[in-house]
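Open the structure in your viewer and keep the selection tool ready. Each stop below says what to select and what is there.

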Amino acid sequence: MTGAFQDDLLVVDDLVVEYPSKGFRKKPFRALTDVSIRIGQGETLGLVGESGSGKTTLGRAVLGLAPVTAGTITFEGEDISHASRKHRQKLSRDLQVVFQDPYTSLNPAMEIGDILAEPLTIQGIGPTESKARVKELLDHVNLPSDALHRQPREFSGGQRQRVAIARALALSPKLIVCDEPVSALDLTTQARVLDLFLQIQQDTGVSYLFVSHDLDVVRHISHRVAVMYHGEIVEQGPAAQVTVSPEHPYTQRLLLASPVPDPDRQEERRANRRRLLDEQRASAELAAAGA
Amino acid sequence: MSEPVEIKASTATLARTNVFKRILKNPLGIFAVAVLTIMVLVAIFAGWIAPFGENAANIGKTLSGADSVNLLGTDSAGRDTFSRLVYGAQTTLLSALLCAAVAIAIGLPAGLIAGYYSGPFDSAANWVVNVLMALPGIIVLLTIRAAFGPSVWISMIAFGILISPGYFRLTRTAVQSVRNELYVDAARVSGLSDARIITRHIFSVVRAPIIIQTAIVCGVAISIQSGLEFLGLGDPTVATWGVMLSEGFKNVYLAPTLLLWPALAIGLAVGSLVLLGNAVRDALEDREKVTVSKRNDPPTVALQMQRGPRKKKAANVEVGTEKHLVKVSHLAIGYPQANGTLKPVVNDVSFTVDRGEVLGIVGESGSGKSQTAFSILGLLPPEARIMSGSIQFDGEYTVEPGEDTVNQGRLSALRGKRISYIPQEPMSNLDPAYTIGSQLVAPMVTVLGISKAEAKKRALKLLSDVGIVDPARTFGAYPHEVSGGMAQRVLIAGAISCEPDLIIADEPTTALDVTVQAEVLDLIRDLQKRLGVGVILVTHNFGVVADLCDRVVVMQAGRLVEGGQVREILGAPQDPYTITLLDSMLENKKPMTMLVSQGGTTS
């Protein structure tokens, strides 16, 4: 599978992100430590981890929304670690985002049509052309065209997320950073939105950096998966391998912690999880005793 | 999605278009708008309305009373009071506008920049603002008058500068609150320049408060200006209401009405401006109320009429059903709508829970699962109405058939003692002002009637029971000092502290990480087995149901679509909705395949 993605679209090398701490001469807070990932054309890299693991920060650093302390982010062979706003404006043709919360990611005071036209206008696309494109986008994400003149609050969570996806698609980008795009949605809505993501990838060949806390979601949508824990990537590889027979103890715990909708299999999984925890505790104690 | 969301959407649309209409619906709003409109029109057309010039004096006719030539009489120099009042409107209103314009021109951009960028400009601007606010305003105005002469325009520019901090702070706070919203981030990713982000995305949030502030500032400007002129510091050659007031005061014994007219004009103008500000604020806040919560409409009279006299003792339950710990029969819950009807959110729901049994209530948002659970707890909002059905707990009704609200008298005797609750958001359910220990001890002292020392001993035991390694440390800690998983353990300890018969857990693990969720589920299972309590678990996650529940009911849009043993429902669901829900689960699906056959437009 990995062979199919020879040309790396995004390469992140030894990225370190630090946020200044409050207080005089206090050590800065290190959100990411030596993180390296790469994403090929048309590939989805799933990024999974618990809250506070730094998975969102990695996505934000790629987008230029988090400070890069060390390391490099290369997009299409160009170093964008410290890209200027001008450069970002050019980049935004190829690099887009879908955020987690569809309730705050759309400006409540703007109409859907204006929200979707905004990225087009910035790139200097004329009103007639952008109007046609906006219609096309709404159609692509299965929203009715009368949505144009309505405001975000008139839509449900799943519909808003479709609007956010349409905005990300407006300029036909090469990479979309998806930051927990389905975790605020109901189960059936989540299924439809995941279908939409897959459909868009099939149609346009876009790549995704797909951030989620849910291993099942990541397994479903990703070609490769990276697991983050305490600001570091602890395991990375093909989705089928990482999400089915993981090697790192944390990933193993993560896999067995997610409950399955079958009482008997869940009982089995629960027993496996207990056994794993005991084993890991024993080996940790052994290591501590050895040291 | 679900029905309540649709309703919310439509009322909000209605509200959006009607801010101006709502100002006019408010009687005080109409009054303010009418008075101000008349004043502005008078000011604009002063040249046509006034029969004389503002300083046209008739020495032969001073301090005369009202007659057909001088409608409101003349002043000590023989000038026509009515004409001066009309020209005064022009000068007074214009100078108030000037003052507000100066204050906005300084405060708004500075506030936008300081709020958006923070950093050095913010610090410097705050410093300047603090100095400005520390200056004694009247003394500054007197100094400026002494230095630049008695010009109403100069003094109003100075006053505008003095009150610009008000705008600065208002704008800065509003901007700071949206600076990190995701839609601003999205605009940054699109490469929008900061100037465009501020004008397109941020300015809209400060627009409304600025309008309100301006109405009030204009009123203040008029009173300050009139005050200065009343003291005799105004320009006597320009007719303003303040100069007229001063003139009238000098002749108060000879022609008292000279004082009346400008005083009335000033009072009306200032009062209307303040009322207008309030009306705008009310109109905007009204909109907020509709969009934030859809359930704040007061119940209509027709609904309240149905309430009969309260029976003292609950009726006896049906024979044979008293063995159930909880029995909900044909329950329907509704909320009053603006048009006087009740909108049902729960419809004909029936189920039972026995002692030592775990029942799962599964559904998506808006399915009514939480409403059902809250009705058993008696924690529905006050405007909620039981439209039909009954709830009984341990052989006694908590909601009798025919009652339209939950009987708080009966439930408060049960709540905390025999029915307890584990909430979804552990952090927001602990009071940050008290230690965890005191929040555990207080209910035990009240409910169980034991001493503080005894309660503390029990609390420590409970904390270790729920798997907290160092109970003493957690006992003394404040909520912000513990993690989310730990906080949920504390709340579970609280829920079992008074040895309940029934625990209602509302999405107890949704806010937690998956690994922590597994631990909390283990804890709930162990405690449930050990204590033999009945549990109602509200969740959207079938995995959690499979992990914990004996029986499960599935709800959709307020209705119970299917119920039964967990193995039956999860293994061989009958209802199409349950099948859709289970099909939407990602577990055991082939990756990279479509989950729903067609795209679907109704997400």
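**Stop 1: a helix in chain B**

Start with two exposed residues, Ala453(B) and Lys461(B), on the other side of α17(B) from its buried ones. Keep in mind that this is a predicted model. Now select the whole helix, residues 452–465 of chain B. Helix α17 has 14 residues and reaches 19 Å from its first C-alpha to its last, close to the 20 Å expected at 1.5 Å a residue.

Which residues of α17(B) are buried? They are Ala455(B), Ala459(B), Leu462(B), Leu463(B) and Asp465(B). Turn the view to look down the axis of α17(B): its buried residues fall within an arc of 150°, so they line one face of the helix. To see what these residues pack against, add α16 (436–448), α18 (471–476) and α19 (484–496) of chain B to the selection. Then go to Gly467(B), which follows α17(B) and has a positive phi, near 85°.

**Stop 2: an enclosed helix**

Select residues 369–377 of chain B, which form helix α14. Seven of its nine residues are buried, so α14 is largely enclosed by the rest of the structure. The buried residues are Lys369(B), Ser370(B), Gln371(B), Thr372(B), Phe374(B), Ser375(B) and Ile376(B). Just after α14(B) comes Gly378(B), where phi is positive, about 70°.

**Stop 3: the whole of chain B**

Zoom out and show chain B alone. Chain B has 23 helices and 10 strands. Its radius of gyration is 34 Å, well over the 25 Å that the globule rule gives for 603 residues, so chain B is more spread out than a compact globule. Along the principal axes, the C-alpha atoms of chain B fill a box of roughly 105 × 65 × 60 Å. Of the 603 residues, 42% count as buried. Among contacts in chain B with a separation of 6 or more, 68% are between residues 24 or more positions apart.

Colour the chain by confidence next. The mean pLDDT of chain B is 86, and 91% of its residues reach 70 or more. Select residues 287–312 of chain B: here the pLDDT is below 50, and the stretch has 32 contacts in the model beyond near neighbours in sequence. Residues 598–603 of chain B also have a pLDDT below 50, and this stretch has 13 contacts beyond near neighbours in sequence. Where pLDDT is low, the predicted coordinates should not be read in detail.

**Stop 4: the whole of chain A**

Switch to chain A, which has 10 helices and 10 strands. Its radius of gyration is 21 Å, close to the 19 Å that the globule rule gives for 291 residues, so chain A is as compact as a globular protein of that length. The C-alpha trace of chain A spans about 70 × 50 × 45 Å along its principal axes. Of its 291 residues, 50% count as buried. Among contacts in chain A between residues at least 6 apart in sequence, 67% join residues at least 24 apart.

**Stop 5: three residues of chain A**

Most residues other than glycine have a negative phi. Select Glu76(A), which is not a glycine but has a positive phi of about 50°. Glu76(A) sits in the loop between β4 (70–75) and β5 (78–79) of chain A. Is Glu76(A) buried or partly exposed? Glu76(A) counts as partly exposed because it has 16 C-beta neighbours inside 10 Å.

Move on to His230(A), in the loop between β9 (224–229) and β10 (232–238) of chain A. His230(A), not a glycine either, has a positive phi of about 50°. With 13 other C-beta atoms within 10 Å, His230(A) is partly exposed.

Then pick Arg281(A) in helix α10 of chain A. Arg281(A) is exposed, with 10 other C-beta atoms within 10 Å. Draw a distance from its C-alpha atom to that of Gln161(A): the two are separated by 41 Å and lie 120 residues apart along the chain.

**Stop 6: where the chains meet**

Show both chains together. The contact takes 61 residues from chain A and 53 residues from chain B. On the side of chain A that touches chain B, the largest share, 12 residues, comes from α6(A). The residues on that side of chain A divide into 22 nonpolar, 21 polar and 18 charged. For the complex, the predictor gives an ipTM of 0.89 and a pTM of 0.82.

How values were computed: Residues are numbered from 1 along each chain as its sequence is written. Chains are lettered from A and ligands numbered from 1 in the order in which they are written. This is a predicted model: local features need pLDDT of at least 70, side-chain atom pairs count only at pLDDT 80 or more; totals for chains, interfaces and linings use all residues. Helices (H or I, at least four residues) and strands (E, at least two) are DSSP runs, numbered from the N terminus. A residue is buried if 20 or more other C-beta atoms lie within 10 Å of its own, exposed if 12 or fewer, and partly exposed in between; C-beta atoms are placed from the backbone. The radius of gyration is taken over C-alpha atoms; the globule rule is 2.2 Å times the number of residues to the power 0.38. Two residues are in contact if their C-beta atoms, placed from the backbone, lie within 7 Å. The expected span of a helix is 1.5 Å times one less than its number of residues. The arc is that of the directions from the helix axis to the C-beta atoms. Ala, Val, Leu, Ile, Met, Phe, Trp, Tyr, Cys and Pro count as nonpolar, Asp, Glu, Lys and Arg as charged, and the others, Gly among them, as polar. pLDDT is the predictor's confidence in each residue, from 0 to 100.
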